[in-house]
Amino acid sequence: MSVSVRIDESLVEAARAAAKAEFRTVQGQIEFWAKVGRAALDNPDLPASFIAESLMALKEPHEQAMPFVPRSRQ
């Protein structure tokens, strides 16, 4: 389902540039920013960069993920 919303042109241009750099659509970039913002508001003690990286990691294919190995076992 899609919904039309009015967004400031400068925000759309910023999303267009970021989307190109991160291989997303403009819509996908704005949705990603919204998810990061919502998660940041829900977790004010976490840095936004940590939240963004965590959301990206959740979308990573499991076949490409590296298992976590604690330093004590290395």
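**Helix α2 and its surroundings**

At a relative accessibility of 30%, Gly37 counts as partly exposed, because this class lies between the buried residues, under 20%, and the exposed ones, over 50%. The model in which this value was computed is a predicted one. Gly37 has its place in helix α2, and its C-alpha lies 9.1 Å from that of Ala52, although 15 residues separate Gly37 and Ala52 in sequence. Helix α2 is therefore taken up before its neighbours, since several of the residues described below, Gly37 among them, belong to this helix.

Helix α2 runs from residue 26 to residue 42 and contains 17 residues. From its first C-alpha to its last it reaches 24 Å, which is close to the 24 Å expected at 1.5 Å a residue. Within α2, the residues Gly28, Gln29, Phe32, Val36 and Ala39 are buried. When the helix is viewed down its axis, these buried residues fall within an arc of 100°, so they line one face of α2. In general, an α-helix has 3.6 residues a turn, so that residues three or four places apart point the same way. The face of α2 that is turned away from the buried side carries the exposed residues Gln27, Arg38, Leu41 and Asp42. As for their partners, the buried residues of α2 pack against α1, residues 9-21, and against α3, residues 48-59.

Gln29, a residue of helix α2, illustrates the buried side of this helix. With a relative accessible area of 0%, Gln29 is counted as buried because its value is under the 20% cut-off. When residues up to four places away in sequence are left out, Gln29 touches Ala15, Ala18, Ala19, Glu22 and Arg24. Among these contacts, Ala15, Ala18 and Ala19 are themselves buried residues of α1.

Helix α1 has 13 residues and reaches 19 Å from its first C-alpha to its last, close to the 18 Å expected at 1.5 Å a residue. Its buried residues are Val12, Ala15, Ala18 and Ala19. They cover an arc of only 130° around the axis, which puts them on the same side of α1. On the face turned away from this buried side, α1 carries the exposed residues Ser10, Lys20 and Ala21, whereas the buried residues of α1 pack against α2. The packing of the two helices thus appears from either side, as the buried residues of α2 also pack against α1.

After α1 comes Phe23, a residue found in the loop between α1 and α2. The phi angle of Phe23 is near 55°, a positive value in a residue other than glycine. At a relative accessibility of 79%, Phe23 counts as exposed, because this value is over 50%.

Two further residues of α2 are partly exposed. Glu31, placed in helix α2, has a relative accessible area of 40% and is partly exposed. Between the C-alpha atoms of Glu31 and Ala15 the distance is 9.9 Å, while the two residues are 16 residues apart in sequence. Lys35, which also lies in helix α2, counts as partly exposed at 39% relative accessibility. The C-alpha atoms of Lys35 and Arg24 are separated by 14 Å, and these residues are eleven residues apart along the chain.

The pockets of the model were examined next. In general, rolling a probe the size of a water molecule over the atoms shows where empty space is left. The largest pocket has a volume of about 240 Å³, and its lining is formed by Met1, Ser2, Val3, Val5, Ile7, Gln27, Ile30 and Glu31. These lining residues divide into five nonpolar, two polar and one charged.

The second largest pocket has a volume of about 180 Å³ and is lined by Arg24, Gly28, Glu31, Phe32, Lys35, Leu55, Met56 and Lys59. The elements that give two or more residues to this lining are α2 and α3, and α2 gives the most, with four residues. By type, the lining of the second largest pocket divides into three nonpolar, one polar and four charged residues. Glu31 lines the largest pocket and also the second largest, and the lining of the second largest pocket includes Gly28 and Phe32, which are among the buried residues of α2.

Definitions and conventions
Residues numbered from 1 in each chain as written. Predicted model: local features only at pLDDT ≥ 70, side-chain atom pairs only at ≥ 80, totals over all residues. Heavy atoms only, no water. Expected span 1.5 Å × (residues − 1). Buried < 20%, exposed > 50% of the residue type's maximum accessible area, 1.4 Å probe, protein only. Arc of directions from axis to C-beta. Contact = heavy atoms within 4.5 Å. 1 Å grid on protein atoms, 1.4 Å probe; cavity = no way out; pocket = protein on both sides within 12 Å on 5 of 7 lines; lining within 4 Å. Points joined across faces, edges and corners; volume = space filled by probe spheres on them. Nonpolar A, V, L, I, M, F, W, Y, C, P; charged D, E, K, R; others polar.
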